[in-house]
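Here are my notes for you to read alongside the model. Keep the viewer open and follow the points one by one.

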Amino acid sequence: MLSQDATLIFQIAGIGIIVALIHTILKQMGKEEFAQFATLVGFIIVLVIVINGLSDIFEQIKSVFLFQG
Amino acid sequence: MDILQIVFLGILTAILYLVIKDLHPTIAYILVIVAGMIILLSILEQISSVFELIHYVSNEANIEHVYVETILKVIGIAYIVEIGASMTRDAGLSSLATKIELAGKIFIIILAIPIIRSLIETILAFLPQS
């Protein structure tokens, strides 16, 4: 399970590096708006991953701590 | 989960954070959040087995169920508040983190109100009526 979660970390790191790369290339080409847009899209993708995980962990904490039968 | 796996996950995250920090600070911050999340998720399964032990002991000792449950709820609130506060503190917003902690303390006191009330009633019952 944890090895599968480690892929999540590599995924996010990869997205970060690739987005930074795209940002730099688009900026070099002189397309500032597209560079900003690419950064925004990458950020939204990562944010979706994080929010899924966060809701998961809060649900689990709730089921472990707060709703004891 | 194996302790070694968790430690290596932390080290790996630190290295990746150092790589990405200059390229994209926001995604680096999210990376740290995800690592903390994964570690907590793997710990929570163990915590639930510890809680089974606590329930067993309290059953054997005939402690009233309400008290144990209140303590567990307090611990849960403390964990949630700690997660949120440390996240905001990592983002550099320590004032917001302090406010989250304040909210957690207030909710804990609200949970403890029935216990405090029953404690005071017990003490008052012991006092001689004069």
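**Notes on the two chains**

1. Let's start with chain A, which has two helices and zero strands. Keep in mind as you read that this is a predicted model. Of the 69 residues in chain A, 14% are buried.

2. Now pick out A:Phe58, which you'll find in helix H2 (residues 32–66) of chain A. Is A:Phe58 buried, exposed or partly exposed? It has 14 C-beta neighbours inside 10 Å, so it counts as partly exposed. To be buried a residue needs 20 or more, and to be exposed 12 or fewer. While you're there, look across to A:Ile18: the two residues are 40 apart in sequence, and their C-alpha atoms are 30 Å apart in space.

3. Over to chain B, and helix H1 (residues 3–21). Here's a quick check you can do yourself: at 1.5 Å a residue, the 19 residues of H1(B) should span 27 Å. The C-alpha atoms at its two ends are 27 Å apart, so the expectation and the model agree.

4. Stay with H1(B) and turn it around its axis. Which residues of this helix are buried? They are B:Leu9, B:Thr13, B:Leu16 and B:Ile20. These four cover an arc of only 75° around the axis, so they sit on the same side of H1(B). On the other side of H1(B) you'll see exposed residues: B:Ile3, B:Leu4, B:Val7, B:Ile11, B:Ala14, B:Ile15 and B:Leu18.

5. Next, how do the helices of chain B sit against one another? Two packed helices are described by the angle between their axes and the distance between the axes. For H1(B) and H2(B), the axes come within 9 Å and cross at roughly 175°. Angles over 145 degrees count as roughly antiparallel, which is why H1(B) is described that way relative to H2(B). On the H1(B) side, the contact includes B:Leu9, B:Thr13, B:Leu16 and B:Ile20, the buried residues from the previous point. From H2(B), the residues taking part include B:Ala28, B:Leu31, B:Ala35 and B:Ile38. By class, the residues of this contact are 13 nonpolar, three polar and one charged.

6. H2(B) (residues 25–60) also packs with H3(B) (residues 65–90), at an angle of about 170° and with the axes 12 Å apart. That angle makes H2(B) roughly antiparallel to H3(B). Among the residues that make the contact are B:Tyr29, B:Ile33, B:Leu40 and B:Phe51 of H2(B), along with B:Val68, B:Leu72 and B:Ile83 of H3(B). Ten of the contact residues are nonpolar, two are polar and one is charged. Look out for B:Val32 of H2(B): it takes part in the contact with H3(B) and in the contact with H1(B).

7. Don't skip the loop between H2 and H3 of chain B, where B:Asn62 has its place. Its phi is near 60°, a positive value in a residue other than glycine. B:Asn62 has 6 other C-beta atoms within 10 Å, so it is exposed.

8. Last, bring the two chains together. Their contact takes 33 residues from chain B and 25 residues from chain A. On the chain B side, H1, H2 and H3 each supply at least two residues. Which helix gives the largest share? That's H2(B), with 17 residues. Sorted by class, the side of chain B that touches chain A has 24 nonpolar, seven polar and two charged residues.

Definitions and conventions: Residues numbered from 1 in each chain as written. Chains lettered and ligands numbered in written order. Predicted model: local features only at pLDDT ≥ 70, side-chain atom pairs only at ≥ 80, totals over all residues. Axes fitted to C-alpha atoms, helices over the stretch in contact; angles between N-to-C directions. Parallel < 35°, antiparallel > 145°, perpendicular 65-115°, else oblique. Contact = placed C-beta atoms within 7 Å. Nonpolar A, V, L, I, M, F, W, Y, C, P; charged D, E, K, R; others polar. Expected span 1.5 Å × (residues − 1). Arc of directions from axis to C-beta.
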